[in-house]
Amino acid sequence: MIAAIVVLEAVALLAVAGWFVYGLLTQTPTSFGGAVFQLVLLVLLAGWLLAVGHFLFRGYRWTRAAALVWQLFIIVIGVPTLSGGLVGPGLALLLPAAVVMLLIFTRPVTEFLTKGAAPTAL
C-alpha cells in the first residue's frame with residue numbers, strides 16, 4: 001500500500017509537470033530559464049519517486065528513508081496550504097503523507113524491508 005501511495009504521488013507530480021508545460025505554452029514566464037529548471041526538477045523528482053515506489057514494492061531497505069523524507073517534505077507543504085484556507089489541496093497532501101508515515105513504522109513493513117538484510121558483524 002505504501003508503494004502504491006508513493007507511485008500515485010509520482011503520477012500526481014507528473015500531472016503537475018504537464019500542467020506546468022501547459023502554463024509555459026500559454027503564458028509568458030517571468031524567467032524562462034527558471035521555468036525550464038522547475039519543469040526539469042518536477043520531472044526528475046517524479047522519476048525518483050517512481051523508482052522509490054518500485055523498489056519499495058520489491059522490499060529494498062533504503063526506500064524506507066527515501067519515502068519518509070518525501071512525506072516530511074509533503075507535510076511541510078501541506079500544513080501551510082491547509083492553514084492558508086485551501087482545505088481540499090491541503091488534505092490531499094496531508095492524508096496520504098500521514099498514512100505512509102504511520103504505516104512505514106509498522107512491524108510488517110519493517111520486517112518486509114529488512115528480510116533481505118545481512119546481519120552486521122560486531
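Biologist: In this predicted model, what distance separates the end C-alpha atoms of helix H3 (residues 63-83)?

Modeller: Helix H3 holds 21 residues. At 1.5 Å a residue, the expected span is 30 Å, because the calculation uses one less than the number of residues. The computed separation of the end C-alpha atoms agrees with this expectation: 30 Å.

Biologist: Which elements are included in what covers the buried residues of H3?

Modeller: A residue counts as buried under 20% relative accessible area. In H3, the residues that meet this condition are Thr63, Ala67, Trp70, Gln71, Ile74, Gly78 and Thr81. Their cover includes helix H1 (2-26), H2, helix H4 (87-103) and H5.

Biologist: Which residue with a positive phi follows H3?

Modeller: The phi of this residue lies near 100°. The residue that follows H3 with this positive value is Gly85.

Biologist: Which two residues have side chains that meet in a salt bridge?

Modeller: Side chains of opposite charge can pair when their charged atoms come close. The structure holds 1 salt bridge, with a distance of 3.4 Å from N to O. Its partners lie 4 residues apart in helix H5 (residues 107-114), about one turn of the helix. They are Glu111 and Arg107.

Biologist: Is Arg107 buried or exposed?

Modeller: Exposed means over 50% relative accessible area. Glu111, at 45%, is partly exposed. Arg107 has a relative accessibility of 63%, and therefore counts as exposed.

Biologist: Which element of the protein chain has the lowest mean pLDDT?

Modeller: The mean pLDDT of the protein chain is 90, and 94% of its residues reach 70 or more. Helix H2 (residues 32-58) has the highest mean among the elements, 94. The lowest mean, 88, belongs to H5.

Definitions and conventions. Residues numbered from 1 in each chain as written. Predicted model: local features only at pLDDT ≥ 70, side-chain atom pairs only at ≥ 80, totals over all residues. Heavy atoms only, no water. Salt bridge = Lys/Arg side-chain N within 4 Å of Asp/Glu carboxyl O. Helix = DSSP H or I, 4+ residues; strand = E, 2+ residues; numbered from the N terminus. Buried < 20%, exposed > 50% of the residue type's maximum accessible area, 1.4 Å probe, protein only. pLDDT = per-residue confidence, 0-100. Contact = heavy atoms within 4.5 Å.
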